[in-house]
Amino acid sequence: MPANHTRRAFLQTISLGLGTTLAFPSIIHAKPSFQKKKLGIALVGLGSYAKNQLAVALAQTDNCYLAGIVTGTPAKAEEWKRKYNIPEKNIYNYQSFDQIADNKDIDIVYIVLPNSMHHEFVLRAAKAGKHVMCEKPMSVSVKEAEEMVAACKKAGVQLGIGYRLHFEPFTQEVMRLGQKKILGDVRFVQTNFGFSIGDPTQWRLKKELAGGGPLMDVGIYCVQASRYATGKEPLWVTAQLGPITDKQRFTTVEESISWQMEFPDGIMVNGFSSYKSNIEQLYVSATNGWFQLGPAYGYGPLKGRTSQGELNLPVVHHQTVMLNGICKEFLENNKFPAHTSGEEGLRDMKILMGIYEAARTGKKISLAS
Ligand code: NAD
């Protein structure tokens with residue numbers, strides 16, 4: 001495990017997979033020490049995403065499997081234990097979680113809890129010496145995100161954010177078309193993601209658990225899309241909160257939000273996110289044509305067209321290709337892919353918080369740092 005690795009730190013230039021390359025000090029292991037073929041993953045929080053997507057994926061992946069669970073509900077522990085044949089010793093609750101440090105079956109802990117709990121559990125996982133995957137948004141503040149990145153670095157463990165679309169073919173084609181300027185220079189991006197939210201009592205509508213409304217939950221996909229379609233980082237943002245039309249649901253989080261960002265080379269981005277409108281689109285206008293996805297961000301099947309015709313690409317189970325991709329990279333290099341790292345999550349957190357600040361103050365907020 002990480003503490004036993006022989007390490008050699010030196011300055012390395014890596015591709016972020018977003019069209020940018022950065023030079024930064026990195027830890028390189030002289031020889032991958034993982035000889036295991038399948039990595040053991042423990043899911044923390046057995047809600048809808050863990051149950052209906054990640055557990056399904058882990059039954060299909062060839063280089064990782066569901067080795068353990070962490071839940072606060074004894075009935076769920078029983079159900080999952082039977083269904084997935086999980087040994088009793090690999091089942092934890094939120095209090096006993098830290099004992100996972102002694103469990104050799106668990107290589108990676110995957111945090112799938114409400115947003116405000118990510119910070120605590122990533123820090124505890126790092127302290128336990130486990131590599132960590134964390135769901136989006138990685139935290140509810142920039143400070144927390146920075147602490148998560150720092151804690152994992154200090155513990156010598158990997159931190160990845162569950163950005164499933166980076167492993168999805170239609171999204172990868174958008175990255176290629178935009179970043180390689182296949183249809184010319186990108187000039188404008190329109191990106192919208194919203195849905196009509198149900199249960200008024202759910203944690204997504206409580207700021208103390210969600211950190212914010214649709215922007216935190218699904219607007220983050222729009223922010224990601226503007227970054228991966230251009231391969232660039234935004235310079236500034238202006239934003240506006242939409243009206244509250246549903247006073248029962250929207251007492252602490254926004255109902256909808258719109259924002260405008262400028263990227264280098266004069267690229268403009270319009271974004272919109274909502275818990276009241278069903279919308280899921282990405283449209284990119286370039287100097288010699290256009291490309292678009294719709295649906296663009298959900299579990300799919302995604303669909304896309306360019307000014308040259310329909311995109312015919314494989315339809316995949318997003319979470320399966322993501323986990324296979326992350327574990328493949330880890331087994332080969334002892335690292336999670338850089339394009340879905342904690343640092344990537346931190347960049348998004350800075351932008352999300354910039355959008356909120358712009359909406360709150362009515363000012364143009366600089367994002368260039
Ligand atoms: P969910 O409400 O279905 O599950 C949340 C889980 O956390 C439940 O098991 C619940 O029991 C547990 N929990 C522990 N303490 C809690 C508390 N104080 N309040 C509420 N629940 C508590 O939510 P979900 O849809 O599974 O979302 C979990 C995380 O996964 C979120 O961060 C969300 O943004 C992320 N997510 C990501 C995707 C994706 O496509 N990447 C999709 C859905 C959700």
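Contact here means heavy atoms within 4.5 Å. The model is predicted. In it, helix H5 (residues 169-179) lies across four strands. These are strand S9 (186-194), strand S13 (279-286), strand S14 (289-293) and strand S15 (304-306). The direction of H5 makes about 160 degrees with that of S14.

The strands under H5 belong to an open sheet of 9 strands. The order is S16-S15-S14-S13-S9-S12-S11-S10-S17, and the pairing is mixed. Strand S16 (309-310) and strand S17 (365-366) stand at the edges. Each has a single partner strand, so one side of each is left without a neighbour in the sheet. At the S17 edge, strand S10 (residues 236-241) is joined to S17 by 2 bridges. S10 and S17 run antiparallel. Trp236 stands opposite Ser366 in S17. Helix H9 also packs on this sheet, where it touches S10, strand S11 (256-263) and S17. The direction of H9 makes about 55 degrees with that of S10.

H5 has a helical partner as well. The axes of H5 and helix H7 (residues 214-230) come within 6 Å and cross at roughly 50 degrees. Angles from 65 to 115 degrees count as roughly perpendicular and those under 35 as roughly parallel; H5 and H7 are therefore oblique to each other. From H5, the contact draws on Thr171, Val174, Met175, Gly178 and Gln179. H7 supplies Tyr228, Ala229 and Thr230. By class, the contact of H5 with H7 holds 4 nonpolar and 4 polar residues, with no charged residue.

A second open sheet has 6 strands. Its order is S5-S4-S3-S6-S7-S8, with parallel pairing. Strand S5 (91-92) and strand S8 (159-161) are the edge strands, and each pairs on one side only. Inside the order, strand S6 (residues 108-111) pairs with strand S7 (residues 131-134) in the parallel sense. The S6-S7 pairing extends over 4 bridges. One bridge partner in S7 is Met133, which is matched with Tyr110.

H9 (residues 342-361) also meets helix H4 (residues 142-155). Their axes come within 9 Å and cross at roughly 170 degrees. Angles over 145 degrees count as roughly antiparallel, and H4 and H9 are therefore roughly antiparallel to each other. On the H4 side, the contact residues are Val142, Ala145, Glu146 and Val149. They meet Gly342, Glu343, Leu346, Met349, Lys350 and Met353 in H9. This contact has 6 nonpolar, 1 polar and 3 charged residues. The spacing of such positions follows a general pattern. An α-helix has 3.6 residues a turn, so residues three or four places apart point the same way.

The length of H9 was also checked. At 1.5 Å a residue, the 20 residues of H9 should span 28 Å. The end C-alpha atoms of H9 are 28 Å apart, which agrees. Gly362 follows H9 and has a positive phi, near 75 degrees.

A further helix pair is formed by helix H1 (residues 48-58) and helix H8 (residues 318-333). They pack at an angle of about 55 degrees, with their axes 8 Å apart. H1 and H8 are therefore oblique to each other. The crossing of H1 past H8 is right-handed. Tyr49, Gln53, Leu54, Ala57 and Leu58 represent H1 in the contact. Their counterparts in H8 are Gln319, Thr320, Met322 and Leu323. The contact of H1 with H8 has 6 nonpolar and 3 polar residues, and no charged ones.

Terms used: Residues are numbered from 1 along each chain as its sequence is written. This is a predicted model: local features need pLDDT of at least 70, side-chain atom pairs count only at pLDDT 80 or more; totals for chains, interfaces and linings use all residues. Side-chain values use heavy atoms; hydrogens and water are left out. Two strands pair if DSSP finds at least two bridges between them. Axes are lines fitted to C-alpha atoms, for helices over the stretch in contact, and angles run from 0 to 180 degrees between N-to-C directions. Ala, Val, Leu, Ile, Met, Phe, Trp, Tyr, Cys and Pro count as nonpolar, Asp, Glu, Lys and Arg as charged, and the others, Gly among them, as polar. A crossing is left-handed if the near helix is turned anticlockwise from the far one by less than a right angle, and right-handed if clockwise. The expected span of a helix is 1.5 Å times one less than its number of residues.
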